[in-house]
Amino acid sequence: MSKIGLIIEREYLTRVNKKSFILMTILLPLIFVGIILIPAFLSQVKDSDIKTIAIIDNTELYGDVLKSNDEFNFVYVPEIGLNQSNENVIRDNYAVVVIDKNLIENHDAITIFSDKIIPPALKTEISQQFNPWLSEKKMEYYNIPNLKNIIEDSSVRININTLKWGENGSEVNSSGELASLIGLMTTIVIYMFIFAFGSMVMTSVIQEKTNRIVEIMVSSVKPFELMMGKIIAVAFVGLTQFLIWILLIAGILGSILFVTGMASDPENISEIGKAMVSQNPGMNQMGELMVTNPVAGEIQSILASVNFVQIAIMFIFYFIGGYFLYASLFAAIGSLVDQDTDTQQFMLPVTMINIFALYVGIYSASNPDGPLAFWCSMIPFTSPVVMMVRLPYDVPYWELALSVGILYCTSLMTIKFASKIYRTGILMYGKKITYKEVFKWFRYKY
Amino acid sequence: MNNILEARDIVKHYADHKALDGVSIDIPENCIYGLLGPNGAGKTTFIRIINRITGPDQGYITLKGKPLNDNDISTIGYLPEERGLYKKMKVSEQIIYLARLKGMSNSDATSSMKQWLEKFDISDWKSKKIEELSKGMQQKIQFISTVIHKPEIVILDEPFSGFDPVNAELIKNEIIELKNNGSTIILSTHNMNSVEEMCDEISLINRSKVMLQGNVNDIRRKYKKHLFRVVVSEDDIYSDRNIFEIVERKPLVNGYQSIIKANRGIGNNELINDISGNFTIECFEELLPSMQEIFIEVVKS
């Protein structure tokens, strides 16, 4: 076996045989599943009280606008002198809505009073019922024949744009949410993976340096082989953990769904299904399980609209590229210090880029085709994190190819650059190393 | 005697200083070669260049007449001064791993490891983790790792540090045995007694340059101070012709011992004749300077 192979073998086996690794690998999916399932089940338990809302309409224009539903019961009360008995009204009802003036002319002439904190759901409910009704009324004011039709006609273009996924409106909507959810999840996962395993490389380099084994190692292998062996081994550890997690999460969710899902009502399944689908690309099989009921059918069609295979493949591509880029930087940083606590001055720029990438990623979820998202998915230091968020929105192939190409070229250059720092740094002890010195090392001959 | 390793005009710069400045060293085959010098003189840099951990800015090194290349490092065993092992690894795993990195096969490494553990009578440590061992025990494992692949050149940087006298003796005997089995040993140490006892040749490096080089006995003769230890039966030694001075004297059970310093150009026989004219010589010995004295003299000048 080649020397680098031996190093990879040792570094890999010592890590996957660690108790902490085994524990993390098994426990995390359980926690993960718990996080998905518990809120899904809890959301089924709704507040059963119907809240009574008194409406005082001083304008007497909106008598039939607000319709009661299973959450709020809207009751119109005749106008009372607000001063004398509003206390009674407030005590008897959950909240009081007072309309003072014509709402078309005065958009803010409606107020909700309550002695409790008013839940946003109530506000949303009222505006959702009022807005379309008011719009329609306003259109009538313009007194243009067929205005409503004209507007509907002109809004068709907007619809065409969003109809990318399917044929009916609701489906378009839900898969858009799903896409951004999948994008955000994969972004956060890739961010965590790159930095968790990158800093694992750094810790290991510092350990080898501080316990002085490194001088013995480099008398047998080239510093480059030692560094690459370590980086590659940790990459395998990361991929191993990723695959085990995917399998475990799929397995656990699958069996839970198989046991409970078939017996409960379709609503229930769809809730769990949505939560589950959004977390885990490997759940296509579950979709098949649910094919028997109508809601599940819809989920499956949403599932089909997102290219999970592409996302999974690109995840691995970007993980490897981004990981090698950052892990080699982390290895170089590790070689520059004598102990963990000295890493700050070199870590700061790397950490700043990281956090910037994550923020751009999260921001891009709402604007996946904007210039910031585009450029940051080309810049190699941010592209793995930012591109993951854009992937579910059908990124053109040339953009993907360009971004991956830039990432891999930069990774190779960074590895070369890092290995120059590494081979000098690992044998430097005792003195604090400055950036200026590091640049001098590039001139050293080996 | 052929030279196994020749270093020619090695120059190595670091950012702000010259670590080696035109160092040339020839190491004869099958000898113990002492590399001496104060801390920071450039010994470690030189050793790292031989190990190909780092490269010279100028100059070259040949091994058996051919330029040193990357494949040669499997014929070298290196015990650094600052040493360490993977703390979480088991003794057997550690030794086999390092042996395989030097190019041994798994089975060769395993059987060789067993022999060495038996030789040092430590077979029952095999499945202990390195961190469970005492410092002296770790040093033994380190020594085994250095020589397990039967290197032709063994480089030992302060091999005795951290050993108790019993184990230091054990290691010393191992080093001599390695030499008897045909290896060449490069010994870097501050322990001048062991240099006198073991080394055939030395180079003394100070401030990046070779200050002194050659056979240990030749060097000691070259630096001799013309001091002699003479024991005579009678009291009060003196010189008829004033060819020596008395430096120190003290009575012994069987006579009187004096340390005398002969004048320049006086041969040993002349000295003996002069003394034997008046005294009965019980013992006559020329005192050669110790390597310790030579070291201090060279480094201070």
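**Reading a domain interface in chain B**

Modeller: In chain B, 15 residues of domain 1 touch 10 residues of domain 2, contact being heavy atoms within 4.5 Å. This is a predicted model: local features need pLDDT of at least 70, side-chain atom pairs count only at pLDDT 80 or more, and totals for chains, interfaces and linings use all residues. Residues are numbered from 1 along each chain as its sequence is written, and side-chain values use heavy atoms, without hydrogens and water.

Colleague: Where do the domains of chain B begin and end?

Modeller: Domain bounds come from an automatic or database domain assignment. Here domain 1 is 3-221 and domain 2 is 224-300. Their centres, over C-alpha atoms, are separated by 40 Å.

Colleague: How much area is buried between domain 1 and domain 2 of chain B?

Modeller: Interface size is often given as the accessible area lost when the parts come together. Buried area is that loss with a 1.4 Å probe, summed over both parts. Here the value is about 1200 Å², with 73% from carbon and sulfur atoms. On the domain 1 side, Met192(B), Arg220(B) and Arg221(B) lose the most area, together 46% of what that side buries.

Colleague: How many salt bridges and polar contacts cross the interface?

Modeller: A salt bridge puts a side-chain nitrogen of Lys or Arg within 4 Å of a carboxyl oxygen of Asp or Glu. The rule finds 0 between these domains. A polar contact is a pair of N or O atoms within 3.5 Å, one able to donate a hydrogen and the other to accept it; residues adjacent in sequence count only if both atoms are side-chain atoms. Across this interface, 4 residue pairs qualify, both residues at pLDDT 80 or more.

Methods: Chains lettered and ligands numbered in written order. Buried area = accessible area lost by both parts, 1.4 Å probe.
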